[in-house]
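Here is a short report for a reader new to this structure. Start with the whole protein, then turn to one sheet and one residue.

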Amino acid sequence: MVEYFREPFDPEEIAVLSRFFTNTDRPVFALINLPEVVKGALFARYSRTHKSVRRLFLDEFVADPETGIGHIAAGLGDDDPLVNLRRAEQLYDRVFFEYGDDSVAQLGGAHLAVEQASNLLTKVLEWGRLAAYLEQSTRYIYYDEPLGGRYRYHLPAEVDQSDLRAEYVDYMEDLFGVYSRLVADLTDHFRRRFPFQEGDSKMVYNATIRAKACDTARGLLPAATLSNVGMYATGQAYEMCLIRMQAHALGEVRAYAEMMLEELRKVIPSFLRRVDLPDRGVRWSDYLAATAAGLQSIADGLPDVPAPRPRVTLVDWDPEAESKLAAAALYAVSELPDDQLLEVTRRMTDAERAQVISALVGDRGNRRHKPGRAMERSYYRFDVLCDYGAFRDLQRHRMMTVEWQRLTTQHGYDLPDEVGEVGGEQVWREAMAQAADLAERIGGRLGADVAQYVVPFAFNIRFVMEMNARQAFHLIELRTQPAGHASYRRVCLDLHAAIRDVAGHRAIADAMSYVDDSGVEWERLEAERRAERRRVGAG
C-alpha cells in the first residue's frame, strides 16, 4: 500500500465534491458530471498551483457563475451521481461484447487526476502516446511548503520497510530545506538584478522572477518530489497504461495502478474488464515483466563504464534523406510510383532537391505551420546525456521514440552559474555528494530502481530520441524558443546542429526557420507580457 496525505474537507465540501469526483479521500479519482470545458480548465490550472484539483474546484470553480456548476449541482439532486453513467455502461457492454472489437474502447474516455505521484511515477504515466497529460510544473511553484507534516516527497514502501527509512527521511528533509533557502536567496538575487520596471504589471514581474528562481533551483529537487498529473485518455489507452504499470518494478507504480483501476471502473468499467483477469491483462503484465528481467540479466554482463560523450550524439540517420523527402513531397501531386520518383530525385542536383524541399515547407507564417507528412520520410536517432530536469521536458514529446535509462548519479550533474552568484555552490555540491552516497547504499540494499528516488534533478540521465524530420521541426523549434529552460534549449540547438553538420542535411536544417539561438536572460518575461495582454484583451 502506498502512503499518501489525506486532504481534509468539511462535511459541506464533501457533499459538493461527491457529486463531481469519484471519491473525496484518495489521491486518484475521476471527474464526473462536469462539462468537458470545465474539466479541461481544472487540469489546465494544475501546472501553476500547489492545490489539488478538488481544492481548486472548491476555491475557484464552484462559486463562479460562468462555470454553471451551481446549476448542475442543483439539478443532480441527492441521487447517486454515477447512476446515469452506469446505465450508459450497460449499453457499452452490449456493444463491446456484441462486436468484440477493441476499437470500441477508443470511443469512450475519462478524465483522471493522479495526485501525490513521485516524478518517477509521472514518467511512467506519461509513457503512452495516445493520451493527454498535464503535470504540475517545477517552474511556477516553490516546493518549499510541507504537505501533511513533511516536505513534498514520496516515501517508497521499499524504503519505509527497511532500516534505511530514518536516513532517507532525514536526507529528504535536509535536501528540501536547502532547496527552500536557495530558492529564496535566488528570488532576492534576481529581484536586485532585475528591478521592477514601469510598464509591466506586478503579476508579470513576479511570475518572471519566480520562474527564473525555480528554474535555477530545481536541480536540487529529487526524483521523489511529488507532483499532480491530470490525464484524459480512452479506455483502450488506460488499459495499456495499467497493464504496463502492473508489471513495473516499483511498488509505488503498482499501487497507483490499483487505485487508478478502481476509480476508472466507476466511470468506464466495460473498457477495463481485462486488466486484472489472470488469463488476459495479468498474463500480459507477466510477459512484460519477464522480458524486462531477461534483458536485464544480459545487460548485467555488459561493460558499465561508458566512454566520454558530448551532450548530443547523432548515432544513426538516413544518408539519402533529402532525396527521399523530395520524392515523398512529389508523390501525392504526380502519377509516378514511389520507387520511380526516388530515382528521379536521386538524379537531381543538390539545388534542385533543395527547391523541392523548399516548396514542401512553403512560406510559414509561424512555427505552428508544419510541413506535411512527406517530411516523415527521413529519421534521426540521437543519444542524449543531460540533466534530469531537462529530460522531463523533452520526454513529453511522446510521438517520437523516447527510451531512457535509470536515473543514476554516475553521469555527473549540472551546476547553474547563478547558484555560485548567491554563494550556494558549496551546499549544492554537498547535496549532490550526499545523494550519490545514499543512492549507492540504497541501490546495494534495495535495488537500482528504488535508488532513483533520492537522485536530484541536476544529475544527468542518458536517453535516446528517434524522430522523423517532421517531428524534429516541432521539437527543435518549440524547445529553442527564448521562454524555454536553458538546459533543454542547449540540447535542441545541438540536435539542430547535428542534422545540419553531422548528417549534412542542410536543406532540412535550413527549413527549420523558427529555431532560435538568441541569448536571453529573463526567459519568461516576454511570454508573461503576452499573457498579460491576452488577459487585458479578454477583460
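Among contacts in the protein between residues at least 6 apart in sequence, what percentage join residues at least 24 apart? The figure is 78%. This is a predicted model.

**The whole protein**

The secondary structure comprises 23 helices and eight strands. The protein has 539 residues, and 50% of them count as buried. Its radius of gyration is 25 Å. A compact globule with 539 residues would have a value near 24 Å, so the two agree. Along the principal axes, the C-alpha atoms fill a box of roughly 75 × 65 × 60 Å. The accessible surface of the protein comes to about 25,200 Å². Carbon and sulfur atoms account for 51% of that surface.

**An open sheet of four strands**

Strands of a sheet pair through backbone hydrogen bonds, either parallel or antiparallel. In this protein, four strands form an open sheet with antiparallel pairing. Their order is 5-6-8-7. Which are the edge strands? They are strand 5 (312-317) and strand 7 (401-404), and each pairs on one side only. On average, neighbouring strands of this sheet are turned by 20 degrees against each other, direction ignored.

Take the pairing of strand 7 with strand 8 (residues 460-468). The two run in the antiparallel sense and pair over four bridges. One residue pair can be picked out here: T401 has E466, in strand 8, as its bridge partner.

Two helices pack on the sheet. Helix 20 touches strand 6 (379-387) and strand 8. Helix 21 touches strand 5, strand 6 and strand 8. The table sets out the angle each helix makes with one strand.

| Helix | Residues | Strand for the angle | Angle between directions |
|---|---|---|---|
| Helix 20 | residues 469-479 | strand 8 | about 130 degrees |
| Helix 21 | residues 486-502 | strand 6 | about 145 degrees |

**A closer look at S180**

Now to a single residue. S180 lies in helix 8, which spans residues 165-193. Is S180 buried or exposed? Its relative accessible area is 14%. Buried means under 20%, so S180 counts as buried. Which residues does S180 touch, not counting those up to four places away in sequence? They are Y143, D144 and Y151.

Note on methods:
Residues are numbered from 1 along each chain as its sequence is written. This is a predicted model: local features need pLDDT of at least 70, side-chain atom pairs count only at pLDDT 80 or more; totals for chains, interfaces and linings use all residues. Side-chain values use heavy atoms; hydrogens and water are left out. Two strands pair if DSSP finds at least two bridges between them. Axes are lines fitted to C-alpha atoms, for helices over the stretch in contact, and angles run from 0 to 180 degrees between N-to-C directions. Contact means heavy atoms within 4.5 Å. The radius of gyration is taken over C-alpha atoms; the globule rule is 2.2 Å times the number of residues to the power 0.38. Buried means under 20% relative accessible area, exposed over 50%, partly exposed in between (1.4 Å probe, protein chains only). Accessible areas come from the Shrake-Rupley method with a 1.4 Å probe; for residues, only the protein chains shown count as cover.
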